[in-house]
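Dear colleague,

Please find below the structure that I am handing over to you. My findings follow directly after it.

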Amino acid sequence: MWTYPDIIAHRGGGILAPENTLAGLQCGLNWGFHAVEFDVMLTKDQIAVLMHDEFLGRTVQGQGKIAEIMAADLFLMDAGAWFDPAFSDCRVPSFLSVMEFCALHGIWMNVEIKPSHGTDMLTGQLIGQLAEEFYGEISHAVAIPPLFSSFSVIALQAARLAAPAIARALLVERIPVDWQKQLEELDAVALHVNHRYLTQELAIAIKQTGIGLCCYTVNSLARADELRSWGVDAFCTDRLDLFAAGFEQ
Ligand code: G3P
Ligand code: MG
C-alpha cells in the first residue's frame with residue numbers, strides 16, 4: 001500500500017530550478033510541494049551528495065567523475081549557472097543538509113540512491129547509515145521517514161541492511177518479467193517505473209498485489225489523470241507549475 005504523498009517534485013524543483021539543489025527544494029516548497037525526489041551519490045571521500053550525473057560537465061562544470069572528487073572541492077563549485085546565471089551561487093548540497101532542510105520544512109523525501117559505477121554496495125550502505133542515524137534521533141522523530149529507491153538492487157539490499165526500518169522501492173525503466181520476485185526479495189513497498197512503459201494491464205496486475213505504484217516523470221495533467229485511472233498511486237513531475245493547483249483544494 002502507498003502511504004506517501006501522491007505528487008512528488010522531481011529532482012527538487014523540476015524544470016523550475018537547478019536540479020538536486022537546496023534552491024530546487026525551496027522552489028518546490030514555494031509551489032506548495034511537500035514531497036520531493038532527488039538523487040544521492042558518493043564523492044571520493046565517501047560523502048553523500050545530491051547528484052544525478054556520474055560525471056562533471058552538465059550541472060557542475062569540469063571534467064572527471066564525482067567519485068574522483070573530494071566533497072570539499074565539489075562544494076565550492078557552481079551547480080546553478082548551467083540552469084540560469086541567477087543561480088550561480090547554488091552549490092551541490094550534502095545529503096545530510098538536505099535531510100535537515102526536509103525535516104525542518106516537513107518535506108517527505110524519495111531518496112534515489114544513485115551509485116556511480118562499481119560503488120553500488122557502499123553507496124547503499126552509507127546512505128542507509130546516514131538516514132538511519134538521522135531518523136533515529138528523537139528530534140527528527142516527527143519527520144516522515146523517507147522512501148529509498150534505486151535502479152540498483154545491490155544498493156537497495158545494502159541500504160536495507162544498514163537501515164531496515166526505512167522502506168524501499170524498486171526503480172525500473174521498464175517493468176521486468178520477474179518484478180514480483182524482485183520486489184519480494186527486496187521486501188520493497190513499491191515499484192517505481194517510467195510511465196512511458198507502463199500499460200493499464202500491468203498497472204492493474206501490480207496493484208492487485210497491494211504494492212505501491214509510482215511513475216516518473218509525468219509532465220502533463222491528462223497523462224496524470226490516465227495513470228490515476230489505472231490505479232497508479234503517485235508520480236514525480238518536473239512541471240511543478242502545472243500540478244501545484246492541486247494543492248489549493
Ligand atoms: O526516481 C525517478 C527518476 O528520478 C529516475 O530517473 O534519471 O531522473 O534519476 P532519473
Ligand atoms: Mg532520480
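In which loop does Gln 46 lie? Gln 46 is in the loop between strand S2 (35-42) and strand S3 (48-50). Please note that this is a predicted model, and the remarks below should be read accordingly.

**Backbone features**

Gln 46 is not a glycine, although its phi is positive, at about 60°. Arg 11, likewise not a glycine, has a positive phi of about 55°. Arg 11 is placed in the loop between strand S1 (7-10) and helix H1 (22-30).

A further point concerns the peptide bond that joins Tyr 216 and Thr 217: this bond is cis, with an omega of about -25°. Thr 217 belongs to the loop between strand S8 (212-216) and helix H8 (221-229).

**The ligand site**

Two of the residues just named, Arg 11 and Tyr 216, are also among those that surround ligand 1. The others in this shell are His 10, Glu 37, Asp 39, His 52, Glu 112, Lys 114, Phe 151 and Leu 171. Divided by class, the shell comprises 5 charged, 3 nonpolar and 2 polar residues.

Three side chains may be of interest for their polar atoms. In Lys 114, an N or O atom of the side chain is 2.6 Å from an oxygen atom of ligand 1. For His 10, a polar side-chain atom lies 2.8 Å from an oxygen atom of the ligand. For Glu 112, the corresponding distance from a polar side-chain atom to an oxygen atom of ligand 1 is 2.8 Å. On its own, ligand 1 has 290 Å² of accessible area, of which the protein covers 90%.

**Helix packing**

Helix H4 (residues 120-136) takes part in two helix contacts that I should like to describe, one with H5 and one with H3.

H4 and helix H5 (residues 153-162) pack with their axes 7 Å apart, at an angle of about 35°, and their crossing is right-handed. From H4, the contact involves Asp 120, Met 121, Gly 124, Gln 125, Gly 128, Gln 129 and Glu 132. These meet Ile 154, Ala 155, Ala 158, Ala 159 and Ala 162 of H5. By class, the residues of this contact are 6 nonpolar, 4 polar and 2 charged.

Helix H3 (residues 95-105) also crosses H4, at roughly 35°, and the two axes come within 11 Å. This crossing is right-handed. H3 contributes Phe 95, Leu 96, Met 99, Glu 100 and Ala 103, while H4 contributes Ile 127, Leu 130, Ala 131, Phe 134 and Tyr 135. The contact of H3 with H4 has 9 nonpolar residues and 1 charged residue, with no polar ones.

Yours sincerely

Technical notes. Residues numbered from 1 in each chain as written. Chains lettered and ligands numbered in written order. Predicted model: local features only at pLDDT ≥ 70, side-chain atom pairs only at ≥ 80, totals over all residues. Heavy atoms only, no water. Near = heavy atom within 4 Å. Polar contact = N/O pair within 3.5 Å; in protein donor to acceptor, adjacent residues only side chain to side chain. Areas by Shrake-Rupley, 256 points an atom, 1.4 Å probe, with all protein chains shown as cover. Nonpolar A, V, L, I, M, F, W, Y, C, P; charged D, E, K, R; others polar. Axes fitted to C-alpha atoms, helices over the stretch in contact; angles between N-to-C directions. Helix = DSSP H or I, 4+ residues; strand = E, 2+ residues; numbered from the N terminus. Left-handed = near helix turned anticlockwise from the far one by under 90°. Contact = heavy atoms within 4.5 Å.
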